[in-house]
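Please open the structure in your viewer and keep the selection tool at hand. The stops below are meant to be taken in order, with a pause at each one to look around.

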Amino acid sequence: LDGADVALMSDAELAATIEHVGAFSRTAPADKLRLVDALQARGEIVGMLGDGVNDAAALKGADIGVAMGGRGTDVAKQTADVVLADDRLASVAVAVQGGRVIDDNIRRFIFYLFSCNLSEVLVLFLASAVGWPLPLRPLQILWINLVTDVFPALALAAESPEEDVMRRPPADPGRSILSRAFGREILLSAALMTVGPLALLAWRAGPTPHAGAEVTTLVFLSLSLGQLLHVFNARSARPILFTRRLWANGWSWLALGVSGGLAAAAVWLPGPARVLQLSAPAPADLFAVVLAASPVLVVGQLVRWRRSRRRLGPGRVALPGGD
């Protein structure tokens with residue numbers, strides 16, 4: 001549509017026409033701003049790319065104003081939100097992908113830490129609610145928070161982009177990170193990490209539980225292992241087991257090795273075990289620990305598999321590696 005035709009249209013006519021037009025040519029500065037406003041009125045997220053003084057109003061009015069850093073005027077660069085240093089349009093796509101990956105990794109970090117910390121709270125709260133002694137000592141909780149959680153959470157910042165990261169529609173700028181769906185998934189994950197340690201507490205402590213060193217060690221290990229396994233749920237919204245993505249983040253595996261080794265050191269090394277009041281469990285108890293820690297991984301991956309299958313449509317399933 002030619003700019004002269006745009007100038008003759010009312011705002012209502014422009015709003016009704018704009019979704020059917022692929023390109024506008026020779027558009028006046030005031031009409032560029034009208035185009036931005038018309039798109040925003042339809043709920044669109046608008047990016048404006050410009051280099052001249054006459055683009056300043058539209059750059060300012062758009063959700064994201066992008067100016068050319070090389071041939072762009074000072075007015076355009078000062079008005080815009082983003083300045084392209086290389087003047088290449090393809091750099092916009094690179095920046096969008098980078099921003100979406102950062103947003104995803106922040107959400108992974110929050111999801112992982114919130115669900116892990118909530119599981120610790122639930123273990124202590126529910127044990128107290130039924131009249132049992134606290135299954136974890138303060139130093140043991142501190143060890144889990146500072147050693148088991150921190151390194152895997154930091155490794156989530158190195159996750160690679162999801163396969164559909166550039167096929168998603170723009171996110172709602174007013175959305176909250178802690179949405180209801182996000183909160184429900186945090187609560188589900190925390191509950192799955194809670195049930196195993198409490199089951200071990202009830203099983204080993206008997207009808208009148210007494211949280212001695214042997215029992216607290218089983219709770220400590222099952223909770224620590226469950227949180228380490230939960231990293232695989234936090235890494236992707238899709239199932240990650242048996243896919244290429246499982247091995248994509250080397251930092252995650254390094255973090256799991258370091259955190260797992262430190263958790264084991266707290267139990268099997270005499271010095272830390274004495275300070276933390278832990279004791280080495282019997283080999284048969286280790287199987288119970290693994291069994292108690294596994295629900296969060298098994299159920300979490302099944303939930304992600306069902307979600308991926310639902311998104312792909314009836315009769316289709318996600319292939320390994322997201323192909």
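Is Ser-259 buried or exposed? What you have open is a predicted model, and in this model Ser-259 counts as buried because its relative accessibility is 0%, below the 20% under which a residue is called buried.

**Helix H11**

Select Ser-259 and then widen the selection to helix H11, in which Ser-259 is found. From the side chain of Ser-259, look for the backbone oxygen of Val-147, which is reached at 3.1 Å. If you leave aside the neighbours within four places in sequence, the residues in contact with Ser-259 are Val-147, Thr-148, Phe-151, Pro-152 and Leu-228.

Now take the helix as a whole, residues 250-268, and set a distance between its end C-alpha atoms: they are 27 Å apart, which agrees with the 27 Å that its 19 residues should span at 1.5 Å a residue. Colour the buried residues of H11 next, which besides Ser-259 include Ser-252, Ala-255, Leu-256, Ala-263, Ala-265, Ala-266 and Val-267. Among the elements that cover these buried residues you will find helix H7 (138-155), helix H9 (213-229), helix H10 (231-234) and helix H12 (270-276). Before leaving, go to the start of H11, where a side-chain oxygen of Asn-249 comes to within 3.1 Å of the backbone nitrogen of Trp-251.

**The loop between H12 and H13**

Select Gln-277 next, which has its place in the loop between H12 and helix H13. Its phi is positive, at about 60 degrees, although Gln-277 is not a glycine. Most residues other than glycine have a negative phi. Gln-277 counts as partly exposed, because its relative accessibility is 45%.

Pro-281 has its place in this loop between H12 and H13 (283-293) too, but it is buried, with a relative accessible area of 15%. Not counting residues up to four places away in sequence, Pro-281 touches Thr-217, Leu-218, Leu-221, Val-267, Trp-268 and Leu-286, and Val-267 will be familiar as one of the buried residues of H11. If you also select Pro-152, the C-alpha atoms of the two prolines lie 25 Å apart in space, with their positions 129 residues apart in sequence.

**The loop between H10 and H11**

Move to Ser-236, in the loop between H10 and H11, which counts as buried at 4% relative accessibility. The side chain of Ser-236 makes a polar contact, at 3.0 Å, with the side chain of Glu-162. Leaving out residues up to four places away in sequence, Ser-236 touches Arg-108, Glu-162, Arg-245 and Arg-304.

**The cavity**

Keep Arg-304 selected, since it also belongs to the lining of the largest cavity, together with Glu-185, Leu-188, Ser-189, Leu-192, Asn-233, Val-296, Gly-300 and Val-303. Helices H8 and H14 are the elements that give two or more residues to this lining. About 50 Å³ of space lies in the largest cavity, and its lining has 4 nonpolar, 3 polar and 2 charged residues.

**The largest pocket**

For the largest pocket, with a volume of about 1,500 Å³, begin with Asp-103, Asp-104, Arg-168, Ala-171 and Arg-175, which of its 46 lining residues lie nearest its centre. Elements that give two or more residues to the lining include strand E1 (47-50), strand E2 (64-68), strand E3 (82-84), helix H8 (180-205) and helix H14 (295-312), while the largest share, 11 residues, comes from H6. By class, the lining of this pocket has 24 nonpolar, 7 polar and 15 charged residues.

**The second largest pocket**

Which residues lie nearest the centre of the second largest pocket? Select Phe-24, Lys-32, Leu-35, Leu-39 and Met-48, from a lining of 15 residues. This pocket holds about 330 Å³ of space, and helix H3 (29-41) gives the largest share of its lining, 4 residues. The lining divides into 9 nonpolar, 4 polar and 2 charged residues.

End the tour at Arg-26, in the loop between helix H2 (11-17) and H3. Arg-26 is exposed, with a relative accessible area of 73%, and its phi is near 50 degrees, a positive value in a residue other than glycine.

Note on methods
Residues are numbered from 1 along each chain as its sequence is written. This is a predicted model: local features need pLDDT of at least 70, side-chain atom pairs count only at pLDDT 80 or more; totals for chains, interfaces and linings use all residues. Side-chain values use heavy atoms; hydrogens and water are left out. The expected span of a helix is 1.5 Å times one less than its number of residues. Buried means under 20% relative accessible area, exposed over 50%, partly exposed in between (1.4 Å probe, protein chains only). Contact means heavy atoms within 4.5 Å. A polar contact is a pair of N or O atoms within 3.5 Å; within protein, one must be able to donate a hydrogen and the other to accept it, and residues adjacent in sequence count only if both atoms are side-chain atoms. On a 1 Å grid over the protein atoms alone, a cavity is a set of points where a 1.4 Å probe fits but cannot get out, and a pocket is an open set with protein on both sides within 12 Å along at least five of seven lines; lining residues have an atom within 4 Å of a point. Grid points are joined across faces, edges and corners, and a volume is the space filled by probe spheres set on the points. Ala, Val, Leu, Ile, Met, Phe, Trp, Tyr, Cys and Pro count as nonpolar, Asp, Glu, Lys and Arg as charged, and the others, Gly among them, as polar.
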